[in-house]
Amino acid sequence: MDMSNSINPSQSEPARLEVYSETSTVYREPPPPYSSEILVTNQPTIRQEIIVQPPLKSLPTFYNCPNCEKRILTNVQYLNSRKTHLFAGFICGFTVWCMLCCVGIIPYIVNTCKKAHHYCPNCNSFLGAYSRV
């Protein structure tokens, strides 16, 4: 089958491209002239105070309470979390072969294994929590 002179079977004759060209002149009006008067209005100045809160850590931190809007030193309560229980279980499982399972109470004694909950001393609102582990 000779493909060099064949025509696409879906077309009965070769496609023709016809280009029409028209030139037309469009006249546009120039923009209106700018006035030399400058309208100045006195707008009120808005001053926003942005307070960047320090990150909460495991120790009491100076913080701006969003509830009572005062600068306070947070009260911290250390509470056992799921990770505290997992650490205690891991230590018990690791030390059971040498009869030192009592070492598994260390995560319940040390505050670094607990979650620190920060509260405002004025209004007692919850400010956030921090978990080191």
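Asn80 sits in the loop that runs between strand β3 (75–79) and helix α1 (82–95). Keep in mind that this is a predicted model. From that loop we'll move on to the aromatic pairs, then to Ser125, and finish with a stretch annotated in UniProt.

**Around Asn80**
- With a relative accessible area of 42%, Asn80 comes out as partly exposed, because anything between the buried limit of 20% and the exposed limit of 50% gets that label.
- Which residues does Asn80 touch, once neighbours within four places in sequence are set aside? The contacts are His85, Tyr108 and Lys114.
- Asn80 and Ala116 are 36 residues apart along the sequence, and their C-alpha atoms are 9.0 Å apart in space.

**Aromatic pairs**
- How many aromatic pairs turn up in a search of the whole structure? The search finds two.
- One of them is Phe90 with Phe94, a stacked pair with 6.1 Å from centre to centre and 15 degrees between the planes.
- Both Phe90 and Phe94 belong to helix α1, where they are four residues apart, or about one turn of the helix.
- Are Phe90 and Phe94 buried or exposed? Phe90 is exposed, and Phe94 is too.
- Tyr119 and Phe126 have ring centres 5.5 Å apart and planes at 65 degrees, so this pair is edge-to-face; planes over 60 degrees apart get that name.
- Tyr119 counts as partly exposed, at 22% relative accessibility.
- Its ring partner Phe126 is partly exposed as well, with a relative accessible area of 47%.

**Around Ser125**
- Where is Ser125? Look in the loop between strands β4 (115–119) and β5 (126–131).
- Ser125 has 15% relative accessibility and therefore counts as buried, since the cut-off for that label is under 20%.
- Leaving out neighbours within four places in sequence, Ser125 is in contact with Cys65, Asn67, His118, Tyr119 and Cys120.
- Tyr119, then, appears both among the contacts of Ser125 and in the edge-to-face pair with Phe126.

**The annotated stretch, 86–110**
- UniProt, in an unreviewed entry, lists residues 86–110 as "transmembrane region".
- What does the chain look like over residues 86–110? In the model, this stretch is 56% helix and 0% strand.
- The C-alpha atoms at the two ends of residues 86–110 are 14 Å apart.

Technical notes. Residues are numbered from 1 along each chain as its sequence is written. This is a predicted model: local features need pLDDT of at least 70, side-chain atom pairs count only at pLDDT 80 or more; totals for chains, interfaces and linings use all residues. Side-chain values use heavy atoms; hydrogens and water are left out. Buried means under 20% relative accessible area, exposed over 50%, partly exposed in between (1.4 Å probe, protein chains only). Contact means heavy atoms within 4.5 Å. UniProt positions are given in the numbering used here, feature names are shortened, and annotations may be inferred rather than shown by experiment. Rings of Phe, Tyr and Trp (its six-membered ring) pair if their centres lie within 6.5 Å; planes under 30 degrees apart count as stacked, over 60 as edge-to-face and the rest as tilted.
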